[in-house]
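Open the model in your viewer and keep the selection tool at hand. This tour goes stop by stop.

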Amino acid sequence: MANETVFKRYPQNPIITAEAVPDANVIMNSAVVKFKGAYAGVFRVDTQEMVMELHAGFSQDGIHWNIEPRRIKFTGNVPDSIPSGLGYDPRITKIGDTYYITWCYYPCGSGPAIGLGRTKDFKNFTQMAPVLLPYNRNAVLFPRKINGRYAVLHRPSDNGHTPFGDVYYATSPDLLNWGDHKFVFGRTSGWQMTKVGAGPTPIETKDGWVMIYHGVHTTCNGFVYSMGGAILDLNQPWKVKYRTRRYLMAPTAEYERVGFVPNVVFPTAAILDEKTGKIDVYYGAADTYVALASADFGEMVSFIKKNSY
């Protein structure tokens, strides 16, 4: 592909289409983790009724997936206002022996909020109190406490398609009560001129927290979503050490440019193989598919530093 930098697309992309779930209209923007020597995930499935649902799935190789035909049924703090398991754009973060899921949903009327749930087996799911009330999108937890507190990246939003958006950092003593919000970074120019949002779980390195994010460019034909990278300070993650001027990936392939929403590369999960140094990024393509791209992690970090503001 003409715009490939350090990332190379999986040749058989897209790896997940609507055919994976019987009544799906599209499957996109989904979260994947390593699990018991294989893989597990939480998938955004938009049904043929145009209802956004969360479904669990499993895979032996991270490419060929079995996705549950019915949405997740959470127990616990489930709002009375909406059925359990409705939501979109999940992320998964493992902390200790528990997998935490964040997602966007509408528990309080028409405004998007950030939900939080947990599981240990991807079969039984418990919903917790909302992380952030309306209006908010694109929240992802850090994989450990920072300065003794849980931490999250998030993006304040509005009730529509949000022609703005900056990344913020917040902390909590217990995953229930969130505050101490700090600005991390905002939109700039070019491919990230309109808004930015956090993607997969940040990866801890000696250089800092490596963060993959999406940026949005506005054209006369609408939004274009691309993927970039940043490195945040380890102890003060609201401080940005490096951030890409060039994108890491932009929609060039047909399955990224043509679909339910055209021109979208939306990263939501990243798996790093520490033995080989390979990083796999799962991303939503054209709000229609789940696709996969890979890179050498060291080369990606070098690219972020070399092409930083």
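Does A170 count as buried or exposed? Select it and see. The model is predicted, and in it A170 counts as buried because its relative accessibility is 0%, where buried means under 20%.

Stay here for a moment. A170 is found in strand β13, residues 167–172. Show what surrounds it: beyond its neighbours within four places in sequence, A170 is in contact with Y150, A151, V152, H154, W178, G179, D180 and H181. Now add I203. It is 33 residues from A170 in sequence, and the C-alpha atoms are 17 Å apart.

Next, select β1, β22, β21 and β20. In that order they form an open sheet of four strands, with antiparallel pairing. β1 (8–9) and β20 (265–273) stand at the edges; each has a single partner strand, so one side of each is left without a neighbour in the sheet. Zoom in on β21 and β22, which pair over eight bridges. One bridge to find joins A285 to Y289 in β22.

Add α2. This helix lies across β20, β21 and β22, at about 85° to β22.

Now show the largest nonpolar core, of 24 residues. F7, V210, M227, I279, Y283 and M300 have the most contacts inside it. Elements that give two or more residues are β17 (208–219), β18 (222–232), β21 (278–285), β22 (289–296) and α2 (297–306). The largest share, five residues, comes from α2.

Centre on M300. Outside its neighbours within four places in sequence, M300 is in contact with V6, F7, V210, I212, L248 and I279.

Last stop: another core lies apart from this one. It has 18 residues, including V33, F74, Y105 and A113.

How values were computed: Residues numbered from 1 in each chain as written. Predicted model: local features only at pLDDT ≥ 70, side-chain atom pairs only at ≥ 80, totals over all residues. Heavy atoms only, no water. Core = buried A, V, L, I, M, F, W, Y, C linked by side-chain atoms within 4.5 Å. Buried < 20%, exposed > 50% of the residue type's maximum accessible area, 1.4 Å probe, protein only. Contact = heavy atoms within 4.5 Å. Pairing = 2+ DSSP bridges. Axes fitted to C-alpha atoms, helices over the stretch in contact; angles between N-to-C directions.
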